[in-house]
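User: I am new to this structure and would like a close look at one part of it, the place where the chains meet. Could you walk me through it step by step, with enough background to find my way?

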Amino acid sequence: MEIVKIVGIGLLAGMLIILIKQKKPELAFGLSIATTVLIFMLMLVRIFQVIDFMQALGARAKVDATHMSTVLKIIGIAYVTDFGSQVLQDSGEKAVASKVEMAGKVIIILMSVPIMMAILDTVLRLLG
Amino acid sequence: MEIYDLLKIAGIGIIVSLVGSLLSQAGRKEQESLFTLMGFMIVMMMVVGLMTKFFAAVQTFAR
């Protein structure tokens with residue numbers, strides 16, 4: 001039961017963070033980042049299995065391989081952006097968190113331009 | 001990356017807050033702030049190492 005391990009780590013980290021936050025909030029910040037990274041590292045093998053499954057689905061549906069890698073890159077960017085902005089929001093820095101989110105959105109829009117162009121080409125070919 | 005890293009950071013936090021309160025009760029404010037800064041630096045060095053690992057792992061998504 002892997003989920004029991006993860007929930008246990010989460011609850012333990014939550015208790016320790018509450019304990020430390022009373023006196024030293026800046027050390028609680030480091031502890032919450034470490035918890036996030038620990039849980040992510042525990043799930044890394046499973047994440048790669050899911051990615052392999054997605055790539056197999058894409059290959060079966062004959063999706064262009066560059067488009068699949070763009071989608072995976074966008075998922076990575078979204079995950080890192082979400083991690084940064086949530087840690088910042090937890091520590092009360094809403095202004096910085098919203099700027100980090102804005103940067104993530106801009107980069108994702110830029111990376112999805114080739115896919116949008118491909119959709120546009122397909123639609124134009126259907127029309128004309 | 002093990003749960004020991006987490007417990008190490010939590011232990012540093014608890015020790016720093018305990019010794020900090022001892023020092024502040026003994027009337028040594030500037031030593032307390034230096035001690036807190038030292039603990040913060042140690043934790044930050046560990047956290048930066050962890051975040052390097054994390055970002056390297058996320059970058060392998062787009063092999």
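Analyst: Happy to. One term helps at the start: the radius of gyration used here is taken over C-alpha atoms, and the value for a compact globule follows a rule of 2.2 Å times the number of residues to the power 0.38. By that rule, 63 residues packed as a compact globule would come near 11 Å, but chain B has 16 Å. Please keep in mind throughout that this is a predicted model. Its scores are ipTM 0.85 and pTM 0.82. For chain B, the mean pLDDT is 88, with 95% of the residues at 70 or more.

Let us get to know the two partners before looking at where they meet. Chain B contains 2 helices and 0 strands. Its C-alpha trace spans about 55 × 20 × 10 Å along the principal axes, and buried residues account for 19% of its 63 residues. Chain A has 5 helices and 0 strands, so to speak a run of α-α-α-α-α when you read along the sequence. The box filled by its C-alpha atoms is roughly 70 × 40 × 15 Å along the principal axes. Its radius of gyration is 20 Å, whereas a compact globule of 128 residues would have one near 14 Å. Of those 128 residues, 14% are buried. Among the contacts in chain A between residues at least 6 apart in sequence, 49% join residues at least 24 apart.

Now to the meeting place itself. Here, 28 residues of chain A are in contact with 29 residues of chain B. On the chain A side, α1 (2-21), α2 (25-60) and α3 (65-90) each supply at least two of the residues that touch chain B. The most comes from α2(A), which gives 14 residues. By class, this side of chain A divides into 20 nonpolar, 4 polar and 4 charged residues.

Since α2(A) gives the most to that side, it is a good place to zoom in. Two packed helices are described by the angle between their axes and the distance between the axes. For α2(A) and α1(B), the angle is about 175° and the axes are 9 Å apart. An angle over 145 degrees counts as roughly antiparallel, and α2(A) and α1(B) are therefore roughly antiparallel to each other. From α2(A), the residues taking part are L27(A), A28(A), G30(A), L31(A), A34(A), T35(A) and L38(A), and they meet I3(B), D5(B), L6(B), I9(B), A10(B), I12(B), G13(B) and V16(B) of α1(B). This contact has 11 nonpolar, 3 polar and 1 charged residues.

The helix α1(B) covers residues 3-25 of chain B, and L7(B) is found in it. With 15 C-beta neighbours inside 10 Å, L7(B) counts as partly exposed. The C-alpha atoms of L7(B) and L50(B) are 14 Å apart, for a separation of 43 residues along the chain.

The helix α2(A) has a partner within its own chain too. The axes of α1(A) and α2(A) cross at roughly 170° and come within 9 Å. That crossing makes α1(A) roughly antiparallel to α2(A). In this pairing, I6(A), I9(A), A13(A), L16(A), I17(A), I20(A) and K21(A) of α1(A) meet a set of α2(A) residues that includes L27(A), A28(A), L31(A), T35(A) and L38(A). The classes here are 13 nonpolar, 2 polar and 1 charged.

One residue ties the two pairings together for the eye: I9(A), in helix α1 of chain A. Leaving aside neighbours within four places in sequence, I9(A) is in contact with T35(A), L38(A), I39(A) and I3(B). The C-alpha atoms of I9(A) and L38(A) are separated by 8.9 Å, with their positions 29 residues apart along the chain counted as the separation. I9(A) is partly exposed, having 16 other C-beta atoms within 10 Å.

Finally, follow α2 of chain A to the loop that leads on to α3, where you will find K62(A). This residue has a positive phi of about 55°, although it is not a glycine. K62(A) is exposed, with 6 other C-beta atoms within 10 Å.

Methods: Residues numbered from 1 in each chain as written. Chains lettered and ligands numbered in written order. Predicted model: local features only at pLDDT ≥ 70, side-chain atom pairs only at ≥ 80, totals over all residues. Helix = DSSP H or I, 4+ residues; strand = E, 2+ residues; numbered from the N terminus. Buried ≥ 20, exposed ≤ 12 C-beta atoms within 10 Å, placed from the backbone. Contact = placed C-beta atoms within 7 Å. Nonpolar A, V, L, I, M, F, W, Y, C, P; charged D, E, K, R; others polar. Axes fitted to C-alpha atoms, helices over the stretch in contact; angles between N-to-C directions. Parallel < 35°, antiparallel > 145°, perpendicular 65-115°, else oblique. pLDDT = per-residue confidence, 0-100.
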